[in-house]
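Colleague: I have the file open and would like to go through some helix packing, a couple of buried side chains and the aromatic rings. Can you take me through them?

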Amino acid sequence: MKILKNYTYNMIYQMMLMLIPLVTVPYISRTLGANGIGVYSYTYSIVQYFILLGNLGISMYGVRSVAHVRESSFKRSKIFFELMFIKLIMFIVSISLYSSFVFLYEEYTFIFILQGIFIVASVVDISWFFIGLEDFKKTISRNIVVKLIALISVFIFIKKPDDIALYVVINAASTLLGNLTLWTYLRKRIQTVKWGNLQFKAHVKPVFFLFVPQLLTQIFVNMNKLFLGNFSTFGQTGFFENADKVIRMLSAFVTAIGNVIFPRVANEFHNGKTENANRYTVLSFHIINMIAIPLLLGMILISKNFSMLFFGENFAGIEYVLSTLAVGLLFMGWGSIIGQQYLIATNQAVKPVITLIIGIVLSVILSILLIPHYGALGAAVSSVSGEAVIAITQIIMVRKSLQMPLFEEILKYIFGAILMYLAGWGAGMIIDGPIYSMCLQITVSIVVYITLMFIMKPAPVRILIRELKNRVQK
């Protein structure tokens with residue numbers, strides 16, 4: 001039941017993350033324009049690599065390590081201090097290298113300096129500790145407050161295209177503030193550990209092995225933005241950034257279950273309960289399919305009206321980029337469960353590295369071929385193709401070790417999503433006006449799909465019904 005509770009917290013947060021861009025992105029798109037958004041996206045994608053270097057895989061490794069020993073106050077405190085010391089050393093290296101980069105690059109210097117606040121924010125990020133304890137409430141409550149502050153600040157201070165620097169400050173400073181607030185909860189969770197009891201060497205090798213797949217993931221996620229900035233225009237970069245932002249926002253609904261399951265799978269595997277770990281993973285995979293398949297078809301259904309209302313006339317044609325990227329939602333979900341959660345939790349970090357390298361190579365080839373001619377649409381095709389290859393190769397790698405069927409009930413989700421799409425399409429023909437048509441399509445689609453799921457009762461729905469009955473009986 002704790003997993004369901006944590007997933008509920010995550011879903012509430014993801015809904016808030018979805019609602020905030022629904023308000024801010026149309027405003028920012030019209031205020032900063034495609035070029036301003038392109039500059040922000042390009043500079044932010046570069047600073048992400050320095051953040052990643054500073055983290056050195058500690059976020060993922062920290063969740064797993066804390067999950068292993070969460071019952072012991074001393075052991076989890078010891079791990080916290082050991083990892084924070086390593087993190088501090090690495091961020092000194094990262095900030096030094098970033099300063100050299102900004103000095104040598106000589107373009108967008110002031111924007112890059114402001115983006116550096118994100119690096120400082122990452123230094124003090126200890127959310128991994130609370131996630132390892134399966135204490136999602138604190139991290140989510142913190143994030144909600146911070147996001148609301150940033151939302152209000154955007155509308156108060158961002159008024160014209162020249163406010164790009166201020167936009168960076170609002171996003172970076174709010175992230176820093178949010179990360180600092182978690183420290184106020186730490187005192188009750190850890191105890192003092194003498195310096196002589198700390199051991200750093202044991203963490204170096206596993207942290208490095210987890211750093212590699214995270215580095216490759218970051219390269220994959222930001223690669224097309226860099227290619228667009230260099231091989232196309234900042235306008236096309238802005239197109240891709242806006243469409244990608246919407247899809248990443250929706251993907252949070254899909255990947256939320258993986259974030260909740262990861263510490264539980266790591267704990268079960270560490271305690272020798274491999275069958276339980278496998279069962280949680282397969283259930284998560286079912287939930288991913290149940291959510292992602294209708295979500296991607298729904299996004300394709302409303303892409304034109306959504307783009308017109310959301311981005312404005314300056315982004316005409318972005319609906320094709322949005323529809324293409326929406327296909328990647330399913331592959332992102334598969335990859336989040338198998339690659340980012342199961343393989344890492346069960347100490348198989350080498351396998352995601354292999355799949356990521358294959359996906360990156362394919363994506364680079366496609367980007368070089370497509371981006372110069374098709375801009376953001378070419379980048380979208382490249383991105384989805386890479387996501388598909390990564391996810392499928394990871395599934396092939398674990399099919400024997402899981403010993404449970406991953407696609408047993410997928411036809412139910414596909415059938416339900418197709419009927420949902422047809423019902424939504426028909427609803428859109430009834431009424432004129434993009435906003436009214438889109439709202440009706442969304443409402444009809446949700447009602448039809450949920451009804452079909454309760455009629456067909458796939459595994460996640462059966463478990464939900466059983467849990468609700470048990471709660472009522474108690």
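Colleague: At what angle do α11 and α16 pack, and how far apart are their axes?

Modeller: Helix α11 (residues 274-310) and helix α16 (residues 410-428) pack at about 25°, with axes 9 Å apart. The two are therefore roughly parallel to each other, a label for angles under 35 degrees, with over 145 roughly antiparallel, 65 to 115 roughly perpendicular and the rest oblique. Axes are lines fitted to C-alpha atoms, for helices over the stretch in contact, and angles run from 0 to 180 degrees between N-to-C directions. Helices are DSSP runs (H or I, at least four residues), numbered from the N terminus.

Colleague: What is the source, and what are the cut-offs?

Modeller: This is a predicted model, where local features need pLDDT of at least 70 and side-chain atom pairs count only at pLDDT 80 or more, while totals for chains, interfaces and linings use all residues. Residues are numbered from 1 along each chain as its sequence is written, and side-chain values use heavy atoms, with hydrogens and water left out.

Colleague: Back to α11 and α16: is the crossing left-handed or right-handed?

Modeller: The crossing of α11 and α16 is right-handed, meaning the near helix is turned clockwise from the far one by less than a right angle; anticlockwise would be left-handed. Residues of α11 in the contact (heavy atoms within 4.5 Å) include His 286, Met 290, Ile 293 and Leu 297. Those of α16 include Tyr 413, Ala 417, Tyr 421 and Trp 425.

Colleague: How many nonpolar, polar and charged residues are in the contact of α11 with α16?

Modeller: There are 13 nonpolar, four polar and no charged residues. Ala, Val, Leu, Ile, Met, Phe, Trp, Tyr, Cys and Pro count as nonpolar, Asp, Glu, Lys and Arg as charged, and the others, Gly among them, as polar.

Colleague: How do α11 and α15 cross?

Modeller: The axes of α11 and helix α15 (residues 376-402) come within 11 Å and cross at roughly 135°. The pair is therefore oblique, and the crossing is left-handed. On the α11 side the contact is made by Asn 278, Thr 281, Val 282 and Phe 285, and on the α15 side by Ile 395, Ser 401 and Leu 402.

Colleague: New topic. Why does Glu 319 count as buried?

Modeller: Glu 319 counts as buried because its relative accessibility is 13%; buried means under 20% relative accessible area, exposed over 50%, partly exposed in between (1.4 Å probe, protein chains only). Glu 319 lies in helix α12 (residues 318-326).

Colleague: What is Glu 319 in contact with?

Modeller: Leaving aside neighbours within four places in sequence, Glu 319 is in contact with Ser 303, Lys 304 and Ser 307. The C-alpha atoms of Glu 319 and Ala 243 are separated by 8.0 Å, with the two positions 76 residues apart along the chain.

Colleague: And the rings: how many aromatic pairs does the structure hold?

Modeller: The structure holds 23 aromatic pairs. Rings of Phe, Tyr and Trp (its six-membered ring) pair if their centres lie within 6.5 Å; planes under 30 degrees apart count as stacked, over 60 as edge-to-face and the rest as tilted. The ring centres of Phe 50 and Tyr 98 are 5.0 Å apart and their planes are at 70°, so that pair is edge-to-face. Phe 50 is in helix α1 (residues 2-55) and Tyr 98 in helix α3 (residues 73-105), 48 residues apart.

Colleague: Which residues form one aromatic cluster?

Modeller: Phe 80, Phe 81, Trp 128, Phe 129, Phe 130 and Trp 183 form one.
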